[in-house]
Amino acid sequence: MYASFKSIGAYVPPQRLTNKDLEKMVDTSDEWIKQRTGIEERRIASKEQSTSDLAYEAAKVAIERSGLANEEIDAIVCATISPDYFCMPSTACVVADKLGISHVTAFDISAACSGFVYALNIAKAFVESGIKKNVLIIGAEKLTPFVDYEERTTCILFGDGAGAAVIGTTDKKEESVIDVHTSSDGSFQDFLITPGCGSKNPCSQNVIDERLHFMKMKGNETFKVAVNTLTKDVKNILEKNSMTSEDIDFFIPHQANFRIIDAVGKKLSFPTEKVVLTVAKYGNTSAASIPMAINDWYESGKLKSGDLMLLDTFGGGLTWGSSISYFAQK
């Protein structure tokens, strides 16, 4: 019995924050942002919406498309770095309640932008071990409350959104999640970090005054490590599974920066028509990035059942991961 990528769903808030809007908020320009990131706009959740609200909307779509009833979901794994609550309850538990699903395994994971691939790895293990049959995995982020809109190099990058998938079972190899790789290196922990409000720097007036409750990033250093790590990880997973870029129908990387995606795609010899790009309209949505991109390609009619997807991601921690999987939604 194999794990199978049964369905995809996503939700994006209706409000847009364009580069022109940011020009009025911080010392930047539309041209500068597009040249360095490829981002043109990003979506912003309303004040009334929490991360669980975004996740709930995406999860509803994924479950409906899977053909399952809510009560057939027996585990929920939510990847997020912007949970509804600081310590507890988990966002996954809140989403389960909103879906009317009770008495199932539900928990959050924190792997930043790599979160969805990490969740996919967990779901594959759950299903193929026989512990669970249908696992709902979610990547959801309301990042904007953690964005410092006085810091022009980071505030241009991030947006809000959610994506979800149901990982079920199949006895067909051609419908399976073939392989998942995940890894990390904590020696680069300060490259992408939110310094304040944890146990190391508990919430205080000083933390707020020094703006340590916002995300911080070493952009240039992160760029270099990301390109090399993403490229190496894809080469490893392809080699392990006796594949080349020609075997892959769509390369779906984390949507952080067009220059990173372009550099990695070229190093791996993926033609442009195989590289999925949504960064221009959504920006970096961390753990939501890859499922939102998969959903965009599906809803556009480009991604079809039986297509072979190669997912590739890199995020704070530092964490990274890749996956080769058939898209099995009918």
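## A contact, and one residue that makes several

Two residues are in contact here when they have heavy atoms within 4.5 Å of each other. Keep that in mind as you look at this predicted model. Skip the neighbours of Ile-252 within four places in sequence, and Ile-252 still touches Val-276, Ile-290, Ala-293, Ile-294, Met-309, Leu-310, Leu-311 and Asp-312.

## Two nonpolar cores

Ile-252 also shows up in the largest nonpolar core, which has 32 residues. Along with Phe-5, Ile-137, Ile-167 and Ile-294, Ile-252 touches the most other members of that core. Which helix gives the most to this core? That's helix H5 (residues 115–128), with 7 residues. Apart from this core there's another one, made of 25 residues, including Val-234, Phe-251, Val-264 and Leu-318. In soluble globular proteins, nonpolar side chains tend to be buried together.

## The sheet

Now find the open sheet of 5 strands: the order is S1-S7-S6-S4-S5, and the pairing is mixed. At the edges sit strand S1 (2–11) and strand S5 (105–109), each pairing on one side only. From one strand to the next, the twist averages 20 degrees.

S1 and strand S7 (residues 161–170) run antiparallel and pair over 9 bridges. One pair to look for is Phe-5 with its bridge partner in S7, Ile-167. Both of these residues belong to the largest nonpolar core, too.

## Helices against the sheet

Helix H3 (residues 51–66) packs on the sheet and touches S1, strand S6 (135–141) and S7. The direction of H3 makes about 125 degrees with that of S1. Helix H10 (residues 289–299) lies across S1 and S7, and runs at about 85 degrees to S1.

Methods: Residues numbered from 1 in each chain as written. Predicted model: local features only at pLDDT ≥ 70, side-chain atom pairs only at ≥ 80, totals over all residues. Heavy atoms only, no water. Core = buried A, V, L, I, M, F, W, Y, C linked by side-chain atoms within 4.5 Å. Buried < 20%, exposed > 50% of the residue type's maximum accessible area, 1.4 Å probe, protein only. Helix = DSSP H or I, 4+ residues; strand = E, 2+ residues; numbered from the N terminus. Pairing = 2+ DSSP bridges. Axes fitted to C-alpha atoms, helices over the stretch in contact; angles between N-to-C directions.
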